[in-house]
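Here are my notes on the model, set out as numbered points for your reading alongside the coordinates. Please go through them with the structure open.

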Amino acid sequence: MIKVAPSLLSADFLELRRSIDLAVKAGADYLHYDVMDGNFVPNISFGQGILKAVAGYGALPVDAHLMVDRPERYIEDFAKAGARIITVHAEATCHLQRALSQIRALGCLAGVSLNPATSPECLRYVLGDFDLALVMTVNPGFGGQKMLPRAVEKIGEIRRMLESAGVQAMIQVDGGVSLSTAGAMVAQGADVLVAGSAFYGSDDPAAFVQGLKALG
């Protein structure tokens, strides 16, 4: 079954509790929490303090996407703040396997994210060390971007790699997810769809979520 994770980057920050409640009522599965450091990506977003408040509210599991350089410096902080899934970028750390092991040792699911121009081959030597592969179909840093069509092909490559190795892991997609683009993503093997502006800008968020889930 397809799972949906609304991105809080597109929520109303003055009404964050209401935005979380909206995701719950719409039938979402996770809250996607984008952490940006202004270095790895050209933007700055949330930190551990807000995540602790969001996780403490207890509405949905928090999926923390660390778009930061040397993420291993912050993994423990976000785990202690209450993240259920912690995803790091393969491009952001010299020791990807070590970072993934650190996440799991702290009791969280470990995710690895790939930018649009990053080859999925970098996952081959950490197969079995992650629980989620996040395919970025836009260049990270800002919400509301259009999907890069060629990045969608990577979903299928990763799915085939996982199946060939007999490894169980979710494939998440982030960037330009909408009812018109998600079908191709699911057809390639996506399990979890992150939607920010398309979810929070929808006239009927519940219908939007159900529309995505119906694709699977």
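1. Buried, in this note, means under 20% relative accessible area, and exposed means over 50%, with partly exposed in between. The model is a predicted one, and the points that follow should be read in that light.

2. Is Thr181 buried or exposed? Thr181 has a relative accessibility of 16%, and because buried means under 20%, Thr181 counts as buried. Its place in the chain is the loop that runs between β7 (170-174) and α6 (182-188).

3. Which backbone atoms does the side chain of Thr181 approach? It reaches the backbone oxygen of Gly176 at 2.8 Å, and a polar atom of the same Thr181 side chain lies 2.9 Å from the backbone nitrogen of Ser178. When residues up to four places away in sequence are not counted, Thr181 touches Met147 and Gly176.

4. Val177 is also found in the loop between β7 and α6, and at 5% relative accessibility Val177 counts as buried. Leaving aside neighbours within four places in sequence, Val177 is in contact with Ala182, Met185, Leu193, Val194, Ala195, Ala198, Phe208 and Leu212. As for Leu96, which is 81 residues from Val177 along the chain, the C-alpha atoms of the two residues are separated by 27 Å.

5. Phe208, one of the contacts of Val177, also takes part in an aromatic pair. A pair of aromatic rings is described by the distance of the centres and the angle of the planes. The count of aromatic pairs comes to four, and Phe199 and Phe208 form a tilted pair, with 6.5 Å from centre to centre and 55 degrees between the planes. Phe199 is buried, with a relative accessible area of 0%, and Phe208 is buried as well, with a relative accessible area of 6%. Elsewhere in the list of aromatic residues, Phe13, Tyr33 and Phe46 form one cluster.

6. Which residues have the most contacts inside the largest nonpolar core? That core has 61 residues, and those with the most contacts inside it are Leu8, Leu66, Ile86, Leu123, Phe130 and Leu193. Helix α5 (residues 149-165) gives the most to this core, with five residues. Apart from this core lies another one, of 10 residues, among them Ala5, Leu134, Val138 and Met170.

7. Leu123, which is among the residues with the most contacts inside the largest core, touches Val112, Leu114, Phe130, Ala133, Ile158 and Met161, not counting residues up to four places away in sequence.

Definitions and conventions
Residues are numbered from 1 along each chain as its sequence is written. This is a predicted model: local features need pLDDT of at least 70, side-chain atom pairs count only at pLDDT 80 or more; totals for chains, interfaces and linings use all residues. Side-chain values use heavy atoms; hydrogens and water are left out. A nonpolar core is a set of buried Ala, Val, Leu, Ile, Met, Phe, Trp, Tyr and Cys residues joined through side-chain atoms within 4.5 Å. Buried means under 20% relative accessible area, exposed over 50%, partly exposed in between (1.4 Å probe, protein chains only). Helices (H or I, at least four residues) and strands (E, at least two) are DSSP runs, numbered from the N terminus. Contact means heavy atoms within 4.5 Å. A polar contact is a pair of N or O atoms within 3.5 Å; within protein, one must be able to donate a hydrogen and the other to accept it, and residues adjacent in sequence count only if both atoms are side-chain atoms. Rings of Phe, Tyr and Trp (its six-membered ring) pair if their centres lie within 6.5 Å; planes under 30 degrees apart count as stacked, over 60 as edge-to-face and the rest as tilted.
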